[in-house]
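Notebook open, coffee poured. I want to jot down what I look up in this one, a few residues at a time.

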Amino acid sequence: MKTYKYLFLLIGISIFGCSDLEEEPVGLLAPDGFFNTVDDIETAANGAYGHMTHEDFWGRKMSLTLMLRGDMVDIGDPTTSTRRIEHNEFNVPTDNGMISGYWLRVYQMIAAANQAIAGADDVNVADEIKNPMTARAYFARAFAYFHLVRQFGDIPYIDAPITDLEASSSISKTSAADVYANIIADLQFAKTWLPDTQIARSIPAKSAAHSYLALVYLTIGDYQNAYTEAKGVIDNESVYNLGLEADFQSLFDASQIDNSVEPIFTLDFIGASNGDDGRDYQAALTGLRDDEQYGLGGGWSVGVPSLEVYNTWDGRDYRKAVSLDTTGVFDGVLQPYQVFRESGAGRGVNRPHIAKYTRAIGETATGNGRGSNANYMMIRYAEVLLIAAEAHNEISGGSAEAMGYVNRVRARARNSNGVTSGLFPEDVAGLSQDALRDVILEERKWELAFEFKRWYDIARRQLGSDVFSASGLEGDKPNFDPSQDYLFPLPAQELARNPNLLPQNPGY
């Protein structure tokens, strides 16, 4: 694996990658002497965050991969790219284009963060001045590795800028346990030095590091620390300026989300893009083909909920109406989902579609909603409440405290436009540990529906054999193999370039 190092001062972004592409390094600079001020640290750290809004990462490839591997979304258009269908059907080859597309991007993110962290050592100011900025880079590095380790298990862990190309070609994998330990250390640094609040939720504050620590501990089954961290966020709700948005729909309205107290860390798309930088495709990928109702030109019907999701989601739950579109407009006529295919160009699918990324996404850079003005919530306060509930239930078993966190989330689900609209979903009480565990995981399923969380829940709880069946019902994914599919294959091209990354993940 070769790593080429570039510092593009023109755009103020430090970009690093793991690739064998032989490029002409125009403006190749060593970082020595560049880092003199806190602003220089910020320039390098911003490079990491810039990569997060590239279509390789959250605009299309990684985000869509996570969505399709869950049990709530199925391919709607069978003519879509094979590399997407392979994830939907758990038939992923080692050269899958989705994975190879974002593997490089995430390591570029990590490399930019590493450069900021290393460069901070050259900035001769007090820690109290530079560490709050350096902490942004630590957070970005932890965020990137947290995605990679959950998907691939043992991975190359790089925590410093690559300066020796020969040495970089022999990097070995680090155990997942050690990667998690490093992620926790980075988040602890970020939690210590980040301010309580920032001017925007797309800039991580202490609450973001605090919340991600809770989620990391939950993922590795350290429930005591998961509860401690989540409870720490809850106890500092006012300090961190957090809360639940009164109306669930407002969370997916580009005109309102900037002022919401619920998002903790977001990727902020601005309705403009430069090529695939800042290009968000989720509206197009999840939108209804030929639909006229949102003025987007319709979507592509790629990632579409299965009918099983629609049929099992209780209609009294306000979140269902917010999350799903059951009607579309074709040639000026409102039509139900049962005739979507017939009403469009014949390439849609007769199922309700995801509404979270089409209904109110504001200005867009190009057709079909691509390049939206939406903020994608990587973590929000409702999830922290559910982390606290799940962790405390594992510690104490059916506790009233854990049920109270669930009930707080459910209370908002009973509100439409801030007004109580019914008694469903009802409060929970008197449940056993096992029953409450099931309720919490189901609550995460509906509360965070289509927010790219479900696959990670399936993987960490080893639910695949339960949720992917072979009954033949639409939406089933019978190819799922629990001995293989909880991990993705390491990219074949990386293994070919660097045999030290062998062995391949089991089954591939």
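Started with arginine 370, keeping in mind that this is a predicted model. Which side chain of opposite charge is nearest to arginine 370? I get aspartate 276, at 7.8 Å. A salt bridge needs a nitrogen-to-oxygen distance within 4 Å, and arginine 370 has none, although it is buried.

Next I looked up where arginine 370 sits: in the loop between strand 11 (353–354) and strand 12 (375–380). Then I checked its contacts, skipping neighbours within four places in sequence. The list reads Arg279, Asp280, Tyr281, Ala284, Trp300, Thr364 and Ala365.

Moved on to arginine 408, which I found in helix 16 (residues 400–413). Buried or exposed? Its relative accessible area is 31%, so I put arginine 408 down as partly exposed. Setting aside neighbours within four places, arginine 408 contacts Glu237, Leu244, Tyr381 and Leu385. I also took the C-alpha to C-alpha distance from arginine 408 to leucine 386: 9.5 Å, with their positions 22 residues apart in sequence.

Last, the nonpolar cores. The largest has 136 residues, and the members touching the most others are Phe139, Tyr145, Ile183, Tyr212, Phe265, Phe450 and Trp455. Helix 6 (residues 127–152) supplies the largest share of this core, 14 residues. I picked tyrosine 145 for a closer look: beyond four places in sequence, it touches Tyr107, Ile110, Ile155, Pro156, Tyr157, Ile158, Val179 and Ile183. I also noted a second, separate core of 7 residues, with Leu251, Phe252, Val322 and Met377 among them.

Methods
Residues are numbered from 1 along each chain as its sequence is written. This is a predicted model: local features need pLDDT of at least 70, side-chain atom pairs count only at pLDDT 80 or more; totals for chains, interfaces and linings use all residues. Side-chain values use heavy atoms; hydrogens and water are left out. Helices (H or I, at least four residues) and strands (E, at least two) are DSSP runs, numbered from the N terminus. Buried means under 20% relative accessible area, exposed over 50%, partly exposed in between (1.4 Å probe, protein chains only). Contact means heavy atoms within 4.5 Å. A nonpolar core is a set of buried Ala, Val, Leu, Ile, Met, Phe, Trp, Tyr and Cys residues joined through side-chain atoms within 4.5 Å. Lys and Arg count as positive and Asp and Glu as negative; His and the chain ends are not counted.
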